Amino acid sequence: QQQRSLQGLRREAARYYRQHRVPQRMEEALNALFPQRPADLYGELANYFSKFSKAPVICKLVGRKVLDGVGQPTLEVEIYCTVKNYEKRICSTVMSSHSQISENALPETTEADEKERSDSVNTAVEWVNESLNMMLRGLKPTDQCKIDKILGEYFTKKAEEKKDVQKQEEEEEATLALTSCTPSATSLPGKKKSAKPGKKVAAAERTIPRAEPAESVLRGSVAIGGTSLAVAKAGATISHIPLYLHIALLKRDQDSLKEMTLPLPMVTLLNCEKISRAKLRLVKEVMLIPPVQLSLKQGIERVLDIQKEMMRLLQPPGEAVHSQVADSKKGRAHNTGKKAPPQALKRISHLGCLITGCDNLEQPLLLIQTVCNNIGLELGTDIYLAINCAAHELMDYVKGKYEILTGTFKSPDEMVDMYVELINKFPFIMALIDPLRKEDRQQWSNICCALGSKCYLIAEDAATYISKLKIDQNINVPMCSGVVLKYINQTKVSDLIELTGLLDGQRHITILGSPDGESSDDSLVDLAVGLGARFIKLGGLSRGERVTKYNRLLAIEEELAKNRTLREANLEFIAFAEESQPEEQLSDVLPPPKQDSLPPQLSQPAPQIHSLPAQL
């Protein structure tokens, strides 16, 4: 009876293995490997049979609260998959924190924002560990679109729940107000209060558009972006390809790519403090852009040379003399010990760049011009500049004007004239970021007409929110050359793929930018390369969380060059017509200006449009 039972098991096992073609594949593997006689026979057998294993599926999500580069709480998402019947940790991602309040906000506002951010991260951790963990279990991490759709539906559901709660609270408050309502002094009939004698009411105050309310951020929304990016990284890891290639294939819906381009880095050199004693308030960042003729490695080395000379110039004269005297007393012994960091390093911004204060708009530009002259570089040929104006932080709504210097105000129309004069005087400025508020749409149109063929006019904080762009797909609100996209909150990988496709189709440039509270996660660089961004804005060449990203960009350049898939970047300036179609349409962008009207740095012949890949 035992023998009959054993024979039955053998027959059942034989049927099972024949059903899965195990004997046939074993014979194929042995026949294929014998001529090779590999040193690790069982390793090769494992590799051979791994091709027939089931695709890994998500089995667990883990969310935890961590700190970013400036000590603010943020979210980390880990993904575990079932791989060959075993649970395996695949990857993790750390989201960058982002704050919508300005640098000169009141302490009470900053404190409230920090508390809200902490509560939001706690909620996000709860979402990841509970709801999202259950919803994504059993799905393939390579199904990015499907997973992003689930994440989007979950976010919409949570947003609707919040609206219902708010509506109920408002109704309760209204009911309570009606039952306990008493006549107030302000509601009594009588004469209206007149303005005090001698007090002028600015006419601009009545005409300046009020600031649009900031996009409400749903508490816990960072869980959506963190999970989507973690899934993309897991999909790349399982597919055994780099994340940037995985993103590029998702965007172009292809199995392989012949060539890829690298984004040009916008490296922040100076951070002009707006809350210091210095008068200049208009300039937030001064950035360096290496020319396209240089490799990325050569461009970074050139920026480092400029930064080194800048630090030498910014070092206080007294300290420089003191340092030389101390070195002469120590003799050669000082070379054997640790060198003290330069004085300028003690003034490093959270953006990873030098902090300085200036008294007028030309001062930082002339300072950089001096630095370049000292090391034999020419601005406009060997290096270019970009300025982040952050104009939305400067509006005085009482006067209806921008306070560009302490006590100096300019109307939106005067700002346009000022920028035209600035670019004409300093033609090596390649880009202006946020030169105006998003609400000054007429002035954006005017500045694009005046300067659109001379420099890029980029909207960062002035850009329409990603969620709104997805709905109405109107990039030109306000009219601009391109936008800075940031991967924050509920933004998903599919959202960036969709929006960059829209930008490419309308010949706007895409810049991927890092938020203020950057983390050590370098996925942003892979996103920029995979999406075909024209520029990448990572901050300065200091602080580990920012240098990590530059190192990743250098590694990608080396890898693409080794694989012979690196394509040189080509820049085209975008010209705007003075009297083009209405702003609401996306056809405002005209072909590039004539060759003789291009600035010197772009005077080389441009390739034909039809010869460029789709992403350009």
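Me: Why is R64 called partly exposed in this predicted model?

Reply: The relative accessible area of R64 is 33%. Because buried means under 20% and exposed means over 50%, with partly exposed in between, the value of 33% places R64 in the partly exposed class.

Me: How do you know that R64 and E78 form a salt bridge?

Reply: The closest N and O atoms of R64 and E78 are 3.2 Å apart, and since a salt bridge requires such a side-chain nitrogen to lie within 4 Å of a carboxyl oxygen, the pair qualifies. The two residues belong to distant parts of the chain, R64 to strand β1 (residues 57–67) and E78 to strand β2 (residues 73–83), and they are 14 residues apart. Their classes can be set side by side: R64 is partly exposed, whereas E78, with a relative accessible area of 7%, falls under the 20% cut-off and therefore counts as buried.

Me: What makes β2 largely enclosed by the rest of the structure?

Reply: Ten of the eleven residues of β2 are buried, and the strand is therefore described as largely enclosed by the rest of the structure.

Me: What makes β1 and β2 a strand pair, and how do they run?

Reply: Two strands pair if there are at least two bridges between them; β1 and β2 are joined by ten bridges and run antiparallel, so the criterion is met. As one example of the register, V62 has E78 as its bridge partner in β2. The two strands form a hairpin with five residues between them, and G71 in that turn has a positive phi of about 80 degrees.

Me: How do you know that β2 also pairs with β3?

Reply: Here eight bridges join β2 to strand β3 (residues 86–94), again in an antiparallel arrangement, and since at least two bridges are needed, these strands count as paired. One of the bridge partners is T93 in β3, which is matched with V77. The hairpin of β2 and β3 has two residues between the strands, and K84 takes a positive phi near 55 degrees in it.

Me: Why is the contact between E116 and R219 called a salt bridge?

Reply: The closest N and O atoms of E116 and R219 are 2.8 Å apart, a value within 4 Å, and the pair therefore satisfies the distance criterion. E116 lies in helix α4 (residues 107–135) and R219 in the loop between α6 (203–207) and α7 (222–239), 103 residues apart, so that the bridge links distant parts of the chain. E116 counts as partly exposed at 33% relative accessibility, and R219 is partly exposed as well, at 38%.

Me: What makes D526 buried, and which residue does its side chain meet in a salt bridge?

Reply: D526 has 3% relative accessibility, which is under 20%, and is therefore classed as buried. Its side chain meets that of R552 in a salt bridge, at 2.8 Å from N to O. This pair, too, links distant parts of the chain, with R552 in helix α17 (residues 544–562) and D526 in helix α16 (residues 523–531), 26 residues apart. Elsewhere, salt bridges that share partners join R64, E76, E78 and R89 into one network.

Me: How do you know that the structure holds zero disulfides, taking C81 and C272 as examples?

Reply: A disulfide needs two cysteine sulfur atoms within 2.5 Å, and the structure holds zero such pairs. For C81 the nearest cysteine sulfur, that of C59, is 6.3 Å away, and for C272 the nearest cysteine sulfur, that of C358, is 4.3 Å away. Since neither distance is within 2.5 Å, neither C81 nor C272 is in a disulfide. Both residues are buried, C81 with a relative accessible area of 0% and C272 with 1%.

Me: Why is T227 called buried, and which residues does it touch?

Reply: T227, whose place is in helix α7, has a relative accessible area of 0%, and because this is under 20%, T227 is buried. Not counting residues up to four places away in sequence, T227 touches L61, V77, V128, L132, L136 and L151. The C-alpha atoms of T227 and Q490 are separated by 9.6 Å, although the two residues are 263 residues apart along the chain.

How values were computed: Residues are numbered from 1 along each chain as its sequence is written. This is a predicted model: local features need pLDDT of at least 70, side-chain atom pairs count only at pLDDT 80 or more; totals for chains, interfaces and linings use all residues. Side-chain values use heavy atoms; hydrogens and water are left out. Buried means under 20% relative accessible area, exposed over 50%, partly exposed in between (1.4 Å probe, protein chains only). Helices (H or I, at least four residues) and strands (E, at least two) are DSSP runs, numbered from the N terminus. Contact means heavy atoms within 4.5 Å.
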